[in-house]
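Got your viewer open? Here is a short walk through the model, one selection at a time.

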Amino acid sequence: MPPLAFRPGMALSVAEISACRLDGDLVPVARDAYAPRGAPVSPAVRASALEGWLPSGCAAVGVTAAWIHGLLPGEPPRHHAQALEGRTPRRTWRGDLTVHEWPLPEGDVVRLGGIAVSSYPRTWYDLARRAYGDPAEREARAAFDACMSRAEGARETLAWLADKRGLRFTARLRGDIERALRTR
């Protein structure tokens, strides 16, 4: 099965990707990943665009997961990854990647395009935590507002929050989601 998104050096060389881009056969889906023209850009395609970016033993989280889930219009300038529970992430030195070492439970992870990504409810919670904790976080705030403006995933997130004890801001987020659902 061919990859969902092509990066130079994977299935195609830089020259082949350049030629396909010039011919209009490939369109950009991320900074350095391309997909066939006409193919729907789905969460799986955006996730597969990060293959090779994320260190092994990590999942895409925060604004990166929000972009993958389709909550942000464009790729964030800085990607975020988090160590998976029971795995030690490989050290990666990239200026545009932040690796959070606090373990992410496997139950909060989904696989999209072969890449580990925080689930929609976990992503919503992570965005809320950053937006509530630091109001100056523009990217997290924009993605959090996008979550709050959608009804999809709200009930699933409420159920996820009901199971979480001891996490900061769960009561506040639950209240905000319930108010948003009542006003729709």
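Start with strand β7, residues 115-118: Ile115 and Val117 point one way, Ala116 and Ser118 point the other way, and all are buried. That fits a general habit: in a regular strand the side chains alternate between the two faces of the sheet. Keep in mind as you go that this is a predicted model.

Now add strand β6, residues 109-112. β6 and β7 pair in the antiparallel sense, over four bridges. To see the two strands face each other, pick leucine 112, which stands opposite isoleucine 115 in β7. Then look at the turn of this hairpin: two residues sit between the strands, and glycine 113 takes a positive phi near 60 degrees.

Move to the other end of β7 and select serine 119, in the loop between β7 and α4. Is serine 119 buried or exposed? Its relative accessibility is 8%, so serine 119 counts as buried. Show what is around it: leaving aside neighbours within four places in sequence, serine 119 is in contact with His69, Asp108, Val109 and Val110.

Next, the aromatic rings. The structure holds four aromatic pairs. Begin with tyrosine 120 and tryptophan 124: the ring centres are 6.0 Å apart and the planes meet at 80 degrees, so this pair is edge-to-face. Both residues belong to helix α4 (residues 120-133), four residues apart, which is about one turn of the helix. Colour them by accessibility and you'll find tyrosine 120 buried at 13% relative accessible area, and tryptophan 124 buried at 1%.

Now pick tyrosine 125 and tryptophan 160. Their ring centres lie 5.6 Å apart with the planes at 45 degrees, so this pair is tilted. It links distant parts of the chain, with tyrosine 125 in helix α4 and tryptophan 160 in helix α6 (residues 154-163), 35 residues apart. Both tyrosine 125 and tryptophan 160 are buried.

For one more aromatic stop, select Tyr132, Phe144 and Phe169, which form one aromatic cluster. Add arginine 172 to the view: its charged end sits over the ring of tyrosine 132, 3.8 Å from the ring centre.

Turn back to helix α6. Which residues of α6 are buried? They are Ala154, Thr157, Leu158, Trp160 and Leu161. Look down the axis of α6 and these buried residues fall within an arc of 160 degrees, so they line one face of the helix. That side packs against α4 and α7 (170-182). Swing round to the face of α6 turned away from the buried side, and you meet the exposed residues Arg155 and Asp163.

Last stop: the cores. In soluble globular proteins, nonpolar side chains tend to be buried together. Here the largest nonpolar core has 46 residues, and the members that touch the most others are Ile68, Val117, Trp124, Leu127, Phe144, Leu173 and Ile177. α4 gives the most to this core, with seven residues. Try isoleucine 68 as a centre: apart from neighbours within four places in sequence, isoleucine 68 is in contact with Pro43, Arg46, Ala47, Leu50, Ala60, Leu112 and Val117. There is also a second, separate core of six residues, including Ala59, Val61, Leu84 and Ala116. Finish by selecting Val117 and Ala116 together: in β7 they point opposite ways, with Val117 in the largest core and Ala116 in the second.

Methods
Residues are numbered from 1 along each chain as its sequence is written. This is a predicted model: local features need pLDDT of at least 70, side-chain atom pairs count only at pLDDT 80 or more; totals for chains, interfaces and linings use all residues. Side-chain values use heavy atoms; hydrogens and water are left out. Rings of Phe, Tyr and Trp (its six-membered ring) pair if their centres lie within 6.5 Å; planes under 30 degrees apart count as stacked, over 60 as edge-to-face and the rest as tilted. Buried means under 20% relative accessible area, exposed over 50%, partly exposed in between (1.4 Å probe, protein chains only). A charge sits over a ring if NZ of Lys or CZ of Arg is within 6 Å of the ring centre and within 35 degrees of the ring normal. The arc is that of the directions from the helix axis to the C-beta atoms. Contact means heavy atoms within 4.5 Å. A nonpolar core is a set of buried Ala, Val, Leu, Ile, Met, Phe, Trp, Tyr and Cys residues joined through side-chain atoms within 4.5 Å. Two strands pair if DSSP finds at least two bridges between them.
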